[in-house]
Amino acid sequence: MIRIAAVGDIHMGPESKGLLRPAFETLPDSADVLLLAGDLTRHGTPEEARVVAREIEGLAVPVVAVLGNHDHHADCPDEVTAVLQDAGVRVLEGQATVVGSGDARIGVAGTKGFGGGFVGRCAGEFGEPVMKEFVRYSRRCADTLRTALEELEGQDCDVRIALTHFSPVPDTLAGEPPEIYPFLGSYLLAEAIDAAGADLAVHGHAHLGTEHGMTSGGVKVRNVAQPVIGRAFHVYHLAGPERATAGAPVGRVGA
Amino acid sequence: MSEHAARTAAGAGGAQNLDYRVAHLADHLAAGDLGELGVRIEIRGEAVLLTGTVPSVQCRDDILGLARAELPGTPVHCDIVAADTAVPDHAEEVE
């Protein structure tokens, strides 16, 4: 069995220092990897990123993250990424990584993703330059996710996870006002996931949404925004290889 | 003064309408120091209701303070909760 812990939208700032650390320190008991689905900070400042870094630094499980829109607000996502990387986090944007758990190999492909909407109710690449760029940017994010998932296919992974901040499906947005769905996700992400294949898709961003959804290709989707899951993180059990041993020591290995 | 000019235009003073003030509050919550997009602001009769989940109690208090400062004369009800940071008590068997 492979154990995936995940949470997004923790929105940390100086006043929330230390709130999640006690729960995160229990992770080796319940999970093989922690996925952070973006919006880790409130404004995307390096100062806030250092608060996040202190929450996860030195944990005995690997941590893989994507950034969210909040983490871009201060226009220094590279600095935020660097602070998190210094704390040992693998920050993905159109990339993939493999983490080890016993004999199991867990592949994670990640991108922040972007909006645009869902089939029949989505933005088109038409009109003003800013509108075309909106859709092109979303498409670029989806394309890199697809490429990253395909890259994992050749790396002998036991499971492949798609990690995004924006949602690939409307299912997990239920509870949000339908009028803002185009700002919460894009079908392009789901199309990429279905084209390349994945065992699970995890995202955040939609605080008022619901946890469970599925792509049209049958990939299960989970909205792990902290307001949705109502805990420090949630844990998902996936079937692993026979050789993988539940509860085996977790190694910090991989690409 | 013409009869036309003497009449009050239908939209005159509309900038003070509660719906516009609520929209501006939402903008200020998002783009201001609080960076908060996860709070729902609803007009309920003559009052305003704030709901949602935020990272901390201090964050909730800051949001309520801003709302009351921006909506003087309007009762502001707050049902915002702080995010639960407890360890989960179960896992989901996905497969």
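Which element gives the most to the lining of the second largest pocket? In this predicted model, the answer is α5(A), with four residues. That helix turns up again and again below, so to speak, and it makes a handy place to start.

## Helix α5 of chain A

Helix α5 of chain A runs over residues 129-153, which makes 25 residues. At 1.5 Å a residue they should span 36 Å, and the end C-alpha atoms do sit 36 Å apart, so expectation and model agree.

One set of α5(A) residues is buried: V135(A), S138(A), C141(A), A142(A), L145(A), A148(A), L149(A) and L152(A). What do these buried residues pack against? Their partners in chain A are the strands β5 (95-101), β6 (104-111) and β9 (159-164), plus the helix α6 (187-196).

## An aromatic cluster

Across all chains, the count of aromatic pairs is four. Take F114(A) and F134(A): their ring centres are 4.8 Å apart and their planes meet at 50°, so this pair counts as tilted rather than stacked (under 30 degrees) or edge-to-face (over 60). F134(A) belongs to helix α5 of chain A, while F114(A) is in the loop between β6 and β7 (117-118), so the pair ties together parts that lie 20 residues apart in sequence.

The two rings have company. Together with Y137(A) and F166(A), they make up one aromatic cluster. As for F134(A), its relative accessible area is 21%, which makes this residue partly exposed, since buried would need a value under 20%.

## The second largest pocket

Back to the pocket from the opening question. Its volume is about 200 Å³. The lining has 14 residues, and those closest to the centre are H72(A), L92(A), E93(A), K112(A) and Y137(A). Y137(A) is also one of the members of the aromatic cluster.

Two elements of chain A, α4 (77-86) and α5, each give two or more residues to this lining. By class, the lining residues are six nonpolar, four polar and four charged.

## The largest pocket

How much space lies in the largest pocket? About 650 Å³. Its lining counts 29 residues, and the ones nearest the centre come from both chains: E176(A), I180(A) and L184(A) on one hand, L37(B) and G38(B) on the other.

The elements giving two or more residues to this lining are α2 (18-31) and β1 (39-44), both of chain B. Of the elements, α2(B) gives the most, with six residues. Sorted by class, the lining has 17 nonpolar residues, seven polar ones and five charged ones.

## Closed cavities

Rolling a probe the size of a water molecule over the atoms shows where empty space is left. Three cavities of 30 Å³ or more are found in the structure. The largest of them has a volume of about 60 Å³. Its lining has 13 residues, with D9(A), H11(A), T53(B), V54(B) and P55(B) closest to the centre. At least two lining residues each come from α7 (226-229) of chain A and β2 (47-54) of chain B. The class split here is five nonpolar, six polar and two charged.

Next comes the second largest cavity, at about 40 Å³. Chain A contributes I10(A), M12(A), S16(A), L19(A), L20(A) and Q226(A) to the lining, and chain B contributes P55(B), A83(B) and T85(B). P55(B) is also among the residues closest to the centre of the largest cavity. Which class is missing from the lining of the second largest cavity? There are no charged residues, against six nonpolar and three polar.

## Two positive phi angles

Two residues of chain A are worth a look for their backbone. D39(A) is not a glycine, yet has a positive phi of about 55°. This residue is in the loop between β2 (33-37) and α3 (46-56) of chain A. Is D39(A) buried or exposed? Its relative accessible area is 1%, so D39(A) is buried.

H205(A) also has a positive phi, of about 80°, without being a glycine. H205(A) is found in the loop between β10 (200-203) and β11 (212-214) of chain A. With a relative accessibility of 11%, H205(A) falls under the 20% cut-off and so counts as buried.

Technical notes: Residues numbered from 1 in each chain as written. Chains lettered and ligands numbered in written order. Predicted model: local features only at pLDDT ≥ 70, side-chain atom pairs only at ≥ 80, totals over all residues. Heavy atoms only, no water. Expected span 1.5 Å × (residues − 1). Buried < 20%, exposed > 50% of the residue type's maximum accessible area, 1.4 Å probe, protein only. Contact = heavy atoms within 4.5 Å. Phe/Tyr/Trp six-rings, centres within 6.5 Å; stacked < 30°, edge-to-face > 60°. 1 Å grid on protein atoms, 1.4 Å probe; cavity = no way out; pocket = protein on both sides within 12 Å on 5 of 7 lines; lining within 4 Å. Points joined across faces, edges and corners; volume = space filled by probe spheres on them. Nonpolar A, V, L, I, M, F, W, Y, C, P; charged D, E, K, R; others polar.
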